[in-house]
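These are my notebook entries from a session with one protein model, kept in the order in which I looked things up.

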Amino acid sequence: VPPPAALPSQQLPFSSGPSDPFTGGGRYIPASSVGQQQQNSSNPFFPKTAPIAFSTINPAAVYRKLAEFNDTLTSPYRLSEADLQKAIVILEASSDIAKLETSLDYHSASVLWQILSWPDKVVFPGLDVLRMVARCSKGNELLCAKDADFVERLMQLLSPDNLAANRMLSLRVLANLFAHSTGTSLLCLNADQILVHLELTLESDNKGVQVALSSVLLNYAVAFCNREKEIGILG
């Protein structure tokens, strides 16, 4: 019986005979060396050239918690009714960047700083407000106006013995500050101090903290790559 006819080589799914995976015809070829068709394929996750942010919020739930905790406080922490109303205005606009921009003023800054000074056990709903405010340009500038004091307070809330909610939300504030150049500059100028605290946070087993920490580190990587010459860290 005659042997079956061999298939044309172009119909074979793999080359016949042994082939070295590194030097043979079936060897792996890095993406940078492949044809134009493969070069045009894109990975939606890499490279990352823009910072990521935490943008969702339940304004009503956050306000209820703010009001509840405010009722337990005395001067100088307790917010006035006018301050609470300002907090409502900010929260109602927090999901819309354009509305948030117009809702912020110097009164807003005063309210935000007062909330940030609250005792650690009740400050977390205020941090939720701050991380939304950081997403818009004016809010970014208002928060960064205190410069070192702002960074120092966030580092206190990041300490390993603080509440997991405070640590997670402080990290989310940091992540959202990268949304604009003012916040990015502040965080890069204070990178040595901040990264030391972030290193301590690596030991946390809280998933929310882990996700927020990863986001901050990713945003730092993006910032350093985008501003390499100015910052001078990557040589």
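**Entry 1: a term to settle.** Before looking at any residue I wrote down that buried means under 20% relative accessible area, exposed means over 50%, and partly exposed is whatever falls in between. I tried this on Asp147, which has 40% relative accessibility and therefore counts as partly exposed. I also noted at the outset that the model is a predicted one, so every value below is computed from predicted positions.

**Entry 2: the overall plan.** I looked up the secondary structure and found 13 helices and zero strands, so that reading along the sequence gives the pattern α-α-α-α-α-α-α-α-α-α-α-α-α. The protein has 235 residues, of which 40% count as buried. I then checked the contacts with a sequence separation of 6 or more, and residues 24 or more positions apart account for 71% of them.

**Entry 3: helix α5 and its surroundings.** Which residues of helix α5 are buried? In this helix, which covers residues 106–116, I listed Ser108, Ala109, Val111, Leu112, Gln114, Ile115 and Leu116. Their cover includes α2 (59–70), α3 (81–93), α4 (97–103), α6, α7 (137–144) and α8. At the N-terminal end of α5 I found Asp105 acting as a cap, with a side-chain oxygen 3.1 Å from the backbone nitrogen of His107.

**Entry 4: Val129.** I next followed one residue of helix α6, which spans residues 124–133 and holds Val129. Is Val129 buried or exposed? Its relative accessible area is 4%, so Val129 is buried. When neighbours within four places in sequence are left aside, Val129 is in contact with Val62, Leu66, Ile90, Leu91 and Leu112; the last of these, Leu112, is among the buried residues of α5. I also took the C-alpha distance from Val129 to Ala87, which is 8.3 Å, although 42 residues separate the two in sequence.

**Entry 5: aromatic pairs.** How many aromatic pairs does a search of the whole structure find? The search finds four. In one of them, the rings of Trp113 and Phe150 have centres 5.4 Å apart and planes at 90 degrees, which makes the pair edge-to-face because planes over 60 degrees apart count that way. Trp113 belongs to helix α5 and Phe150 to helix α8, so this pair ties together parts that are 37 residues apart in sequence. Phe150 has 0% relative accessibility and therefore counts as buried. Trp113 has a further partner, since Lys146 lies over the face of its ring at 5.7 Å from the ring centre.

I then turned to Tyr220 and Phe224, whose ring centres are also given as 5.4 Å apart but whose planes meet at 35 degrees, so that the pair is tilted. Both residues lie in helix α12 (residues 207–226), four residues apart, which is about one turn of the helix. As a reminder to myself, an α-helix has 3.6 residues a turn, so residues three or four places apart point the same way. Tyr220 counts as buried at 2% relative accessibility, and Phe224 counts as buried at 12%. Together with Phe178, Tyr220 and Phe224 form one aromatic cluster.

**Entry 6: α8 against α9.** I looked up how helix α8 (residues 148–158) meets helix α9 (residues 164–177), and their axes come within 8 Å and cross at roughly 145 degrees. From α8 the contact uses Phe150, Leu154, Met155, Leu157 and Leu158, while from α9 it uses Asn166, Arg167, Ser170, Leu171, Val173, Leu174 and Leu177. By type, the residues of this contact divide into nine nonpolar, two polar and one charged. Phe150 thus appears in my notes both here and in the pair with Trp113.

**Entry 7: loops.** I came back to Asp147, which sits in the loop between α7 and α8 and has a phi near 50 degrees, a positive value in a residue other than glycine. Asp147 and Val151 are in contact with Asn190, once the neighbours of Asn190 within four places in sequence are left aside. Asn190 lies in the loop between α10 (181–189) and α11 (191–201), and its relative accessibility of 16% means that Asn190 counts as buried. In the loop between α2 and α3 I looked up Pro76, where the peptide bond from Ser75 to Pro76 is cis, with omega near 10 degrees.

Methods. Residues are numbered from 1 along each chain as its sequence is written. This is a predicted model: local features need pLDDT of at least 70, side-chain atom pairs count only at pLDDT 80 or more; totals for chains, interfaces and linings use all residues. Side-chain values use heavy atoms; hydrogens and water are left out. Axes are lines fitted to C-alpha atoms, for helices over the stretch in contact, and angles run from 0 to 180 degrees between N-to-C directions. Helices (H or I, at least four residues) and strands (E, at least two) are DSSP runs, numbered from the N terminus. Contact means heavy atoms within 4.5 Å. Ala, Val, Leu, Ile, Met, Phe, Trp, Tyr, Cys and Pro count as nonpolar, Asp, Glu, Lys and Arg as charged, and the others, Gly among them, as polar. Buried means under 20% relative accessible area, exposed over 50%, partly exposed in between (1.4 Å probe, protein chains only). A polar contact is a pair of N or O atoms within 3.5 Å; within protein, one must be able to donate a hydrogen and the other to accept it, and residues adjacent in sequence count only if both atoms are side-chain atoms. Rings of Phe, Tyr and Trp (its six-membered ring) pair if their centres lie within 6.5 Å; planes under 30 degrees apart count as stacked, over 60 as edge-to-face and the rest as tilted. A charge sits over a ring if NZ of Lys or CZ of Arg is within 6 Å of the ring centre and within 35 degrees of the ring normal.
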